[in-house]
Structure formats: structure tokens, C-alpha cells
Protein chains: 2
Amino acid sequence: MTGKGTLNQQTRDRIRALAAEHGFRLNVAAQNLRLGRTGAIAVLLPLGHERAQHLSDPFLSTMIGHLADALSDKGYDLLLSRVLPEEDHWLEEFVVSGRVDGIIVIGQSDQNDVLNRAATHYRSMVVWGAYDPDNMYTTVGSDNFAGGMMAARHLLQRGCKTMAWFGHGDAPEFQARKTGFLAGLPDELRKNVEIIPIPITPEGSHAAAQAYFTLGHRPDGVFAASDVAAMSVCAAATQNGISIPDDMAVVGFDDILLARYASPPLTTVRQDIESGARMLVDLLTRRMAGGDTQSVQFAPRLIVRESA
Amino acid sequence: MTGKGTLNQQTRDRIRALAAEHGFRLNVAAQNLRLGRTGAIAVLLPLGHERAQHLSDPFLSTMIGHLADALSDKGYDLLLSRVLPEEDHWLEEFVVSGRVDGIIVIGQSDQNDVLNRAATHYRSMVVWGAYDPDNMYTTVGSDNFAGGMMAARHLLQRGCKTMAWFGHGDAPEFQARKTGFLAGLPDELRKNVEIIPIPITPEGSHAAAQAYFTLGHRPDGVFAASDVAAMSVCAAATQNGISIPDDMAVVGFDDILLARYASPPLTTVRQDIESGARMLVDLLTRRMAGGDTQSVQFAPRLIVRESA
DNA sequence: CTGTTAGCGCCTTCAA
DNA sequence: TTGAAGGCGCTAACAG
């Protein structure tokens, strides 16, 4: 039935015809048991410092959709799991549970140590997130530093003088965006950049922006850690009588579907999520086959719309 | 190990301790093979007339997130699959493939016949979508008709006189929203309601709204089939110099996370997606256990913000 | 209350 | 080239 093994083609055809006639199908569970595999890949979402982050986050859900497609193309099922890393053993627990043949982790969160530890004795894992030469594990991600720089250059070019960064600081992806942003600014502007720490949810970022604008702050250029954050900042600004982009220019990150249809349409740094998902699956299957892999970084692209 | 069967508690504890000591774990694949089950539930997304609809649609992704949580609480894995119903056999193919113990279908799309056919000989299936007494299958969904009426009443109360409906017509959920909306209007207004067919994607609905406003149409009240559509309509309106809510009031449907932080914050008919997901899983497990189930409809709630 | 045993459906090896 | 048999790790039935 599988097409493997030594068998006369006509015998094979005969068996197949018989199978079709009787509605016989291979039992995948038994096949997997015998083959010592599970046929499933886990997609793990560690919610380290941001346990409120919801699967409905547009970036995450887009990623999961593309992952589902890429995995099913290779015959794998997708086992979706959100993990609250209460203790340090969650990943190793998951590995030894043997429920899956491989693991894709979305975002390092603050779980760098856990990931490195697992990577020393478990091959079949890849991670979406920031590249760091010290990591033991293979990552796929955007060049967040370069993306941050693009945002800085664009705001500079528009003539912005007083800048603000709205972001969640802990995860390395977001750190790199911030660092890149700061690096893209001339010294005299850099030291005056206001760093506004915000939660990852739209609720949280909106509240933080509200508080910030209510205190009277009026930067003329804002770089936000994500499009969701940028949209919340825009909403809060508008509610405080700040006009975008005339009074304040806003640049987001991700280029989620809605960014284009926000009001005003969002200028943002685009990540190619679909390519990222395919690459993750590619590298994972290569690792599962015993091959070696290197981390990859995608170059982001600035999409200029109306908000900046 | 499973805690079932007749066994002295101390013997059981001894075995468990031994297992922990040696790192022994039950092999789920073998367990499932022996038990004749798979331990997985499929979540199927039929993309009938709207194959462009993407998993990144905020409603869908929120639903999937809650489903993932509800299923993992019951020990099931979630097998995610988008299906393009090219031919009529996709569901039956899936059923006989035996890859899962039960099926949750999200949205009837235009696949009513297929669902009914499958339901006659397959119990372990529930469907998110519109209730119809003629359906052979169990549905869970919002009372879309009532939701549409709420939108109508609210716009009336604001004094709107010329109304428009932006929606995708084919799926029964959206039909019911429209019918409820029309039913909630007095006769003289109802006959003048403009029906604007739009695709389900933000791109498509934005383009349709653009075209509509460019032609000079200026309704003072709009009900959109979803929040995503409503946000696109708002964006297009703003670009055409229409001020919301002063020139035109807009009511959406769903209450996705971003609705509250859109500009202006969206007035919308809220569906409780989390309760819906839990109910789907509840009913499904009850059906898998051989029990009988009835369809349920959740009452939606109008959330008044600034867009109307 | 505990220990033994027969298979769940498949794939691989080995013998014919 | 084909057929037969063993065993993947588990659970349920049965015997002790």
C-alpha cells in the first residue's frame, strides 16, 4: 500500500484495487506505532513574560496558518499547544512525552536557557525568533535590528526630532528592534528617545499610550514593537487630539493584514511570515532526518503608507 | 499507570514511583492503537465561497485558540486543517480516513449538503454556524438574526435614515445577520437599504467600500458583516472625507480584540467566542460518548463604542 | 487483589 | 517474488 518494498507492479495494482473496492485504508496509528513515530509536529507558544498574549494576536495566527499548510504538505499533523513556562522543565517534559516527532517553538520569550538546554540533547527542534550566535538551537527570524534601523531612517527622513519607542523589552526579537532603532538615530536624537514599556496586548498597549499622552508627552515620531501596538498608539493619540501623521508619525512592525486598512493605513516594517513558516518546516525536517542546519535571518522591508 | 482497574493503592504508588525513577512514560501511540482511538480532534475550516479567507482572520484565530485550550483540557490534540471543498467528498474522505476521533467544522460555508450527508452516518461531529431546524447536525453559534436586529435598532436610535449593509451573502451566518438587520428596520427604511456585497478579506471589503464611496454614495448608517469588514469600511470612508460617526455611523459584528482599539473604537455586536468553543467541545465529547445533543444559540450583545 | 496473556494493525525479516 | 511470523507498547479479560 505504501508503494515501498519489492513487489510486482501488477500484484500491487491488484491489491490496491481490492483495497479500494473494500474501502480499506491504512491505519495511521498502527503504522506510526510500528514505525516508532507519531506523525505530528508540535507548535509550541511559550508565554513567558506575556502570558496574556493570545493566539488571536494577528502575527501568531498568521504564522500558525502558514505552518499548518507547510506541515500538511509534508504529511504531518500540527499539534498546537500554548505553554505557560511555570517551571524550567516544560520543554524537556514535552520532549520526553514522545507525543510528537519534532517541535517548532514560536518566539524565545524569556526561555533562552530552557531552549539551549533542550537543544543539547534533542535535535528535532527549530525556533522562530531572534538570531544569536551563542544559541545552541537553530532559529528562523527576521533581521529585527535592520528593521529597527529602517524605521529610524524613515522617521529621520520625515524630519522627526523627538522620538519614542513603544515596546515590550524582554523578548530578544523586540530588544533587537529597539537596538536597531536606536542605532539608526544620530547621537543627539538617540539620547532623547523616550522608551515606553508596554504590554503585548492591544488593551495594555492602548492603556500605556493613553497614560503617556495624557501626561502631555508629544513626540513627533513613534516606532512601535508591533502593528498591534502601533494601532493602539494611533487610537490613543487620536483620542488625545494628536493627528497622525501630521503631528506624529507612527511606524509599526510585522505588516499584519489589517495594517493596510487601519486608519490611517500603517507604515510598517514587513516580515514575510509565509516564507518564515516554510523555512521553519524545511529546517525541522532536515534536522529530523539527521542533517545539520544553520539559522537564517530574513531581511525585512519597509512598507510606506500614511501613518509615517 | 492510568489509575483505572482494580489495584491496591500502595502497589499502584510503588509502580508509579518506579516509573518516575526510571523515567518511564506511557506510549500514547500504543495506547491509542490498543484503545482504537487516535486522541485527536480535527478542526476543519471549509473555505467554500471564500477561499481567500485566511486563518489570520481574527475571528477564526480566536476561535482556534480557545478550541485548542478546551480540547487540551480534555486530553485531545488539535489537528488543524483548511479544506478547499473542490468536490463533495471531502468530509466523508476525512471521516473514513480515521485520523481523528471527532470533527469540529468551523462555519457551514456553502457546504450544507455535505454536512447533512455526513451527519446521517457519522455521529462525532459538531459545527460552528447558523442554526437551522432542518439541519441533521448539531450547531453552536450566535443568534445572528438577533444580532442584526440589535444593530438596526441602535442605528435607528441614533437617527440614521439611509442605511447600508456590507456583507458576504452566501454563508448562512451572514445571511441571518442581514435578515435580522432588515427585520429590525421600519418598512420605509428597509426598502431603501443598500446591499453592498463584499468579499470576506480586508483587502476585498476595503476595495468594495472604496468603489462604493467614490461613486458618491453617502449612507448615514452602516452595518457590516464582521469587524474586519467594518474597519475596512471605516478606513475607506475616512479616505473619502466621511467622518465617523458624525457623517456615518458604523456597526460591526464579532467584537474582535482589535475592535476596541480601532480608530474610532468600533461599536459592534459581540459574540462570546470562548463560550462557543467550550460548548463545541462539550457537545462533541458528549456525542462521541454516544449521547444525544441539541443545537445551541448564544445571545449576542451590543457593545457601544464610538463608531456608532 | 495480582499476574499472565491475547491481540489492536502495521512493517520488517526471513523462509519458501 | 510472495507468504508467514514476530513484535512495536499498550489494555482488558481472565486465571490464580
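In the predicted model, strands β9 (residues 249-254) and β10 (residues 267-270) of chain A pair in the parallel sense over four bridges. Within this pairing, Val251(A) has Thr267(A) of β10(A) as its bridge partner. Both strands belong to an open sheet of six strands in chain A, arranged in the order β7-β6-β8-β9-β10-β12. The pairing across the sheet is mixed. Its edges are formed by β7 (194-197) and β12 (301-303) of chain A, each of which pairs on one side only. On average, neighbouring strands of the sheet are turned by 20° against each other, direction ignored. Strands of a sheet pair through backbone hydrogen bonds, in either a parallel or an antiparallel sense.

Helix α7 (residues 172-183) of chain A lies across four strands of this chain, namely β6 (163-167), β7, β8 (221-224) and β9. The helix runs at about 175° to β6(A).

The largest nonpolar core comprises 54 residues. The members that touch the most other members are Phe166, Phe213 and Met248 of chain A, together with Phe166(B), Phe213(B) and Met248(B). At least two residues of this core are supplied by each of β6, α9 (202-214), β8 and α10 (227-239) of chain A, and likewise by each of β6 (163-167), α9 (202-214), β8 (221-224) and α10 (227-239) of chain B. Beyond four places away in sequence, Phe213(B) touches Phe166(B), Arg218(B), Pro219(B), Val233(B), Ala236(B), Ala237(B), Asn240(B), Ile242(B) and Met248(B). Apart from the largest core lies another, of 52 residues, which includes Ala68(A), Val140(A), Leu80(B) and Leu284(B). In soluble globular proteins, nonpolar side chains tend to be buried together.

DNA strand D is surrounded by 16 residues, of which Thr11(A), Arg34(A), Asn27(B), Gln31(B) and Arg34(B) are the closest. Of the atoms of DNA strand D that come within 4 Å of the protein, 76% belong to sugar and phosphate. Several contacts involve phosphate oxygens of this strand. An N or O atom in the side chain of Thr11(A) is 2.5 Å from a phosphate oxygen of DNA strand D. For Asn8(A), a backbone N or O atom lies 2.9 Å from a phosphate oxygen of the strand, and for Arg25(B) a polar backbone atom is 3.4 Å from a phosphate oxygen. The elements giving two or more residues to the surface near DNA strand D are α2 (28-35) of chain A and α2 (28-35) of chain B. Helix α2(B) gives the most, with five residues.

Technical notes:
Residues numbered from 1 in each chain as written. Chains lettered and ligands numbered in written order. Predicted model: local features only at pLDDT ≥ 70, side-chain atom pairs only at ≥ 80, totals over all residues. Heavy atoms only, no water. Pairing = 2+ DSSP bridges. Axes fitted to C-alpha atoms, helices over the stretch in contact; angles between N-to-C directions. Contact = heavy atoms within 4.5 Å. Core = buried A, V, L, I, M, F, W, Y, C linked by side-chain atoms within 4.5 Å. Buried < 20%, exposed > 50% of the residue type's maximum accessible area, 1.4 Å probe, protein only. Near = heavy atom within 4 Å. Polar contact = N/O pair within 3.5 Å; in protein donor to acceptor, adjacent residues only side chain to side chain.
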